[in-house]
Amino acid sequence: MGYFEAMQQSTKKRYRLAILPGDGIGPEVMEAALRVMERVGEAEGIAFEFEEYRIGGAAIDAYGEPLRDADLDRMRACDAALMAAIGGTRWDRGPAHLRPEAGLLKIRKGLGVFANLRPAKIFRELVGASRLKPEVASRVDLIVFRELTGGLYFGEPRGRTGAPPAREALNTMRYGESEVRRIAEMAFRAARLRRRRVTSVDKANVLEVSQLWREIVVETHRSFSDVELTHLYVDNAAMQLVRDPGQFDVILTENLFGDILSDLCAELVGSIGLMPSASLGAANPGLFEPVHGSAPDIAGKGLANPLAMILTAAMMFRHGLSLPRSAGWIESAVESALEGGARTTDLGGRMSTQEMTACVLKHLEGSVAKSHV
Ligand code: NAD
Ligand code: IPM
Ligand code: MN
């Protein structure tokens, strides 16, 4: 399982998939992805067994905790896990371990998916939807390799102490060298399949953790001398991404910096409603999740753009199930839908979630037919 092995089409005919709709717009966009996956399965002669699990607020409401151990164990026996989004203000007041976000961190850690791949490539027909000038926007084609199971999100000690007026809170940013090396290797290997440029993003002018990060990235690079390596401080990286995103190919960075920069990348391509991701590890099934959250402001209104979720299913086909042909069908159906002018409100259009999904399904027929002639 991974970024590299998946180029050959698998001949397996049955897949068990863990489906995690989550909260807010999660179930709405998951519904869209399931319809697309069902059609692809039919065209490929593949049977998908969908096992649905609660996570986040939905699991807190049903079981009093954001992800049950037993559910995580069952997911380990699946071929891949597909998650939509979690979270919502209703659950925001609880202690950290009883918030929806804790379920997401638990599944990432539990499946050992240390590398989160967040591609940002602009669709030609959406150059006008980007905030950038067309000549700048048209060059956006990068992928963020975000470390996903370390750093501030997981470092110990953490917590709160004291009482007013002396309340304190503590989080710890910690990385061990093996954690840095394994994601750096993955990023360099991915760069070899792209434009052979890696930009490692850190804050080595201030943080010891970043100094170690940089040291290990430089050491790892010795086995990848055909790849160009540069380093940027994260503040400058944010600026450069807006100024000249075309200079980036693979961005390699730690957990929190990757979280922040990938939302920035969403605006480069036009909307967070377009951003898919794949979370991969060494063993266990991969976890596939769009970059966006549960969008409480638009939940239940039929306004969510389902394309990030649909493109996430495509990433699952390519990187999780070794079904690159199926992934290609989905990606070209999305591209054709956009070429035909399909736009949800986040892209300045008027289509609902359901209308966009129907449009992708219509174009999927074209993709499938083309590959059967
Ligand atoms: P968000 O990504 O949910 O929303 C940010 C903005 O983008 C909102 O205006 C929203 O309407 C819009 N948006 C997001 N997805 C969209 C889509 N598919 N189509 C159209 N517009 C879309 O981030 P937030 O508002 O900061 O967080 C809301 C909740 O989601 C929080 O509880 C947060 O913790 C959670 N969250 C979860 C995940 C995840 O499950 N992976 C990711 C990010 C945030
Ligand atoms: C993301 C989200 C999560 C993160 C939150 C909800 C824990 O923002 O997937 O980008 O910070 O990783
Ligand atoms: Mn985020």
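Which loop does Arg196 lie in? Keep that one in mind while you get set up; we'll come back to Arg196 near the end. One thing before you click around: this is a predicted model.

**Stop 1: colour by domain**

Start by giving residues 1–118 plus 274–373 one colour; that is domain 1. Give 131–269 another colour, and you have domain 2. If you drop a centroid on the C-alpha atoms of each, the two centres sit 24 Å apart.

**Stop 2: the seam between the domains**

Now select whatever touches across the boundary. You should pick up 18 residues on the domain 1 side and 24 on the domain 2 side. Interface size is often quoted as the accessible area lost when the parts come together. Here about 2,000 Å² is buried between domain 1 and domain 2, with carbon and sulfur atoms giving 70% of that area.

What about charge pairing across the seam? The salt bridge count between domain 1 and domain 2 is 0. Polar contacts do turn up, though: 5 residue pairs between the two domains, both partners at pLDDT 80 or more. To see which elements of domain 1 face domain 2, show helix 4 (100–111), strand 4 (115–121) and strand 11 (278–280) as cartoons; each gives two or more residues to that side. Strand 4 gives the most, with 4 residues. Colour that side of domain 1 by class and you get 11 nonpolar, 2 polar and 5 charged residues.

**Stop 3: ligand 1**

Zoom to ligand 1 and show its surroundings, which come to 22 residues. Coming nearest are Glu101, Gly293, Ala295, Asp297 and Asn305. Three distances are worth drawing:

- From a polar side-chain atom of Glu101 to an oxygen atom of ligand 1, 2.5 Å.
- From a backbone N or O atom of Asn305 to a nitrogen atom of ligand 1, 2.9 Å.
- From a backbone N or O atom of Ser294 to an oxygen atom of ligand 1, 3.2 Å.

**Stop 4: ligand 2**

Leave Glu101 switched on, as it also belongs to the surroundings of ligand 2. Add Leu104, Arg108, Arg118, Arg146, Tyr153, Asp259 and Val291 to complete that set. Then draw lines from the oxygen atoms of ligand 2 to side-chain N or O atoms. You'll get 2.7 Å for Arg146, 2.9 Å for Asp259 and 3.0 Å for Arg118.

**Stop 5: a salt bridge across the sequence**

How many salt bridges does the count come to? The total is 29. For a good example, pick Lys12 and Asp79, whose side chains meet with an N to O distance of 2.8 Å. This pair ties together distant parts of the chain, 67 residues apart. Lys12 is in the segment before strand 1 (14–22), while Asp79 is in the loop between helix 3 (69–76) and strand 3 (80–85).

**Stop 6: backbone oddities**

Switch to sticks for the backbone and go to Glu156 and Pro157. The peptide bond joining them is cis, with omega at about 0°. Pro157 is placed in the loop between strand 5 (141–147) and strand 6 (159–161).

Move along to Pro164 and Pro165, which are also joined by a cis peptide bond, this one with omega of about 5°. Look for Pro165 in the loop between strand 6 and strand 7 (168–170).

Finally, back to where we began. Select Arg196: you'll find that residue in the loop between helix 6 (177–192) and strand 8 (197–202). Check its phi while you're there: Arg196 has a positive value of about 60°, although it is not a glycine.

Technical notes. Residues numbered from 1 in each chain as written. Chains lettered and ligands numbered in written order. Heavy atoms only, no water. Domains from an automatic or database assignment. Contact = heavy atoms within 4.5 Å. Buried area = accessible area lost by both parts, 1.4 Å probe. Salt bridge = Lys/Arg side-chain N within 4 Å of Asp/Glu carboxyl O. Polar contact = N/O pair within 3.5 Å; in protein donor to acceptor, adjacent residues only side chain to side chain. Nonpolar A, V, L, I, M, F, W, Y, C, P; charged D, E, K, R; others polar. Near = heavy atom within 4 Å.
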